[in-house]
Amino acid sequence: MKPLRALRAAALAAAALLPWMAAPSAEAQEWRGWNIHAADYPNGRGMDRFGELVAQRTNNRIRMRTYHSAQLGQQDEAIQQMRLGSIDFANFNLSPFNNLAPSTQVVTLPFLFRDVAHMQRAIDGVAGEEIARDLEGIGIIALSWFDAGARSLYTTRPVRTPADLRGMKIRVQTSDLWIDLMRALGANPTPLPFGEVFTSLQSGVIDGAENNWPSYESTRHFEVARFFTTTEHSNVPEVLAVSRQRWQRLNEQERNILRDSAREAAAFQRQVWAEREVASRQAVERAGVNVIEIADRRPWAELMAPVYQKYTGSNPRLSGMVTRIRELQ
Ligand code: BDP
């Protein structure tokens, strides 16, 4: 080839490559999001808000579609899909990460937070930073944190004291910590996916479960487990996250848009959450659920000592996190 023609050919080849090279940022992308809850649940609304903000700010270059009501599978499968990059973003409770990302165990620990404000300060600060680091290590980029209120027990027979729980089969999320926690309370822990709890209560496979007011109401578990005991034993928060596979293909400007939008979506979710907690409690009370108020949680909390010992006792990093969280004002 003559030098000039060779040059032209090279230039043409380079020009053909250009659009391809610029593709990750320039071309519209369709992102798939996983949500376990219904679209009108505070978390679904938070995810939809996230998508709207990102679309606006990227001029529709990144379009996010949330598949609500676990259409893309149950939680443990969804986590695997996020790690592999076939789900692009999601909202997860942190407990299903307990066996994968050790720092998530700390915020799952029972009776750790004094109240919601305390939990938010921890997750927006020291605890959140540690957890984000662990999650990144397993392929998940944490962008912001959603509220999930306090989790309490609900059962098919009344439970007033830990002694009443003895031998009862209580559903837990798939996490060793949750199994130990429930065992320490004297119950018989039964790990099950969220979507199987209703029929398992109905058929007597389990005698109860534990969750916050909005989940108890939205899943209609209250129709089959008529006793709600306000143990408020865990305030584990939730994460709004993106798959690392996607994240690595974004430029810095896009990452900033995602970070800001996720934080704004979390502020919105927290506000909607607070309203929904009240509304859900009222709805189930109107439906005749028996609420057993626990005024003194000390007898429950005292049983948790072995759980703290097992999960943080010989681990300076995790016990340090517990101390720093407790010291937060
Ligand atoms: C709900 C969480 C959801 C969990 C569910 C559960 O929002 O992420 O999957 O509890 O108990 O409160 O499985």
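Axes here are lines fitted to C-alpha atoms, for helices over the stretch in contact, and angles run from 0 to 180 degrees between N-to-C directions. With that in mind, the tour of this predicted model can begin at a pair of helices.

**First stop: α6 and α15**

Select helix α6, residues 126-137, together with helix α15, residues 316-327. The axes of α6 and α15 come within 9 Å and cross at roughly 150 degrees, and because angles over 145 degrees count as roughly antiparallel, α6 is described as roughly antiparallel to α15. To see where the two helices touch, show the side chains of Val126, Ala127, Glu130 and Asp134 on α6, and those of Arg317, Met321, Arg324 and Ile325 on α15.

**Second stop: the sheet**

Now select the strands of the open sheet, of which there are 5, and follow them in the order β2-β1-β3-β10-β4, where the pairing is mixed. The edges are held by β2 (62-67) and β4 (140-146), and since each of these has a single partner strand, one side of each is left without a neighbour in the sheet. Looking along the sheet, you will find that neighbouring strands are turned by 25 degrees against each other on average, if direction is ignored.

Next, pick out strand β1, residues 29-34, which pairs with β2 in the parallel sense over 6 bridges. A convenient place to look within this pairing is Gly33, which stands opposite Thr66 in β2. Keeping the sheet in view, bring back helix α6, which packs on the sheet, touches β4 and β10, and has a direction that makes about 150 degrees with that of β4.

**Third stop: α2 and α12**

Add helix α2, residues 42-57, which lies across β1, β2, β3 (89-93), β4 and β10 (238-243) and runs at about 165 degrees to β2. Then add helix α12, residues 252-286, which packs with α2 at an angle of about 150 degrees, their axes being 8 Å apart. That angle makes α2 roughly antiparallel to α12. The residues in this contact include Phe50, Leu53 and Val54 of α2, and Phe268, Val272 and Trp273 of α12. As for handedness, α2 passes α12 in a right-handed crossing.

**Fourth stop: β5, β8 and Asn212**

Move on to strand β5, residues 151-155, which is joined by 4 bridges to β8, the two strands running antiparallel. Within this pair, Leu153 stands opposite Glu210 in β8. If you display the side chains of β8 (208-211), you will see that Gly208 and Glu210 point one way while Ala209 and Asn211 point the other way, and that all of them are buried. This can be read against the general rule that in a regular strand the side chains alternate between the two faces of the sheet.

Select Asn212 next, which lies in the loop between β8 and α10 (213-218). Is Asn212 buried or exposed? Its relative accessibility is 2%, so Asn212 counts as buried. The side chain of Asn212 makes a polar contact of 3.4 Å with the side chain of Asn211. Leaving aside neighbours within four places in sequence, Asn212 is in contact with Tyr41, Ala148, Ala150, Arg151 and Trp273.

**Last stop: Ala117**

Finally, select Ala117 in helix α5, residues 116-123. At 38% relative accessibility, Ala117 counts as partly exposed. Draw a line from the C-alpha of Ala117 to the C-alpha of Asn256, and the separation is 26 Å in space, with their positions 139 residues apart in sequence.

Definitions and conventions: Residues are numbered from 1 along each chain as its sequence is written. This is a predicted model: local features need pLDDT of at least 70, side-chain atom pairs count only at pLDDT 80 or more; totals for chains, interfaces and linings use all residues. Side-chain values use heavy atoms; hydrogens and water are left out. Two strands pair if DSSP finds at least two bridges between them. Contact means heavy atoms within 4.5 Å. Buried means under 20% relative accessible area, exposed over 50%, partly exposed in between (1.4 Å probe, protein chains only). A polar contact is a pair of N or O atoms within 3.5 Å; within protein, one must be able to donate a hydrogen and the other to accept it, and residues adjacent in sequence count only if both atoms are side-chain atoms. Angles under 35 degrees count as roughly parallel, over 145 as roughly antiparallel, 65 to 115 as roughly perpendicular and the rest as oblique. A crossing is left-handed if the near helix is turned anticlockwise from the far one by less than a right angle, and right-handed if clockwise.
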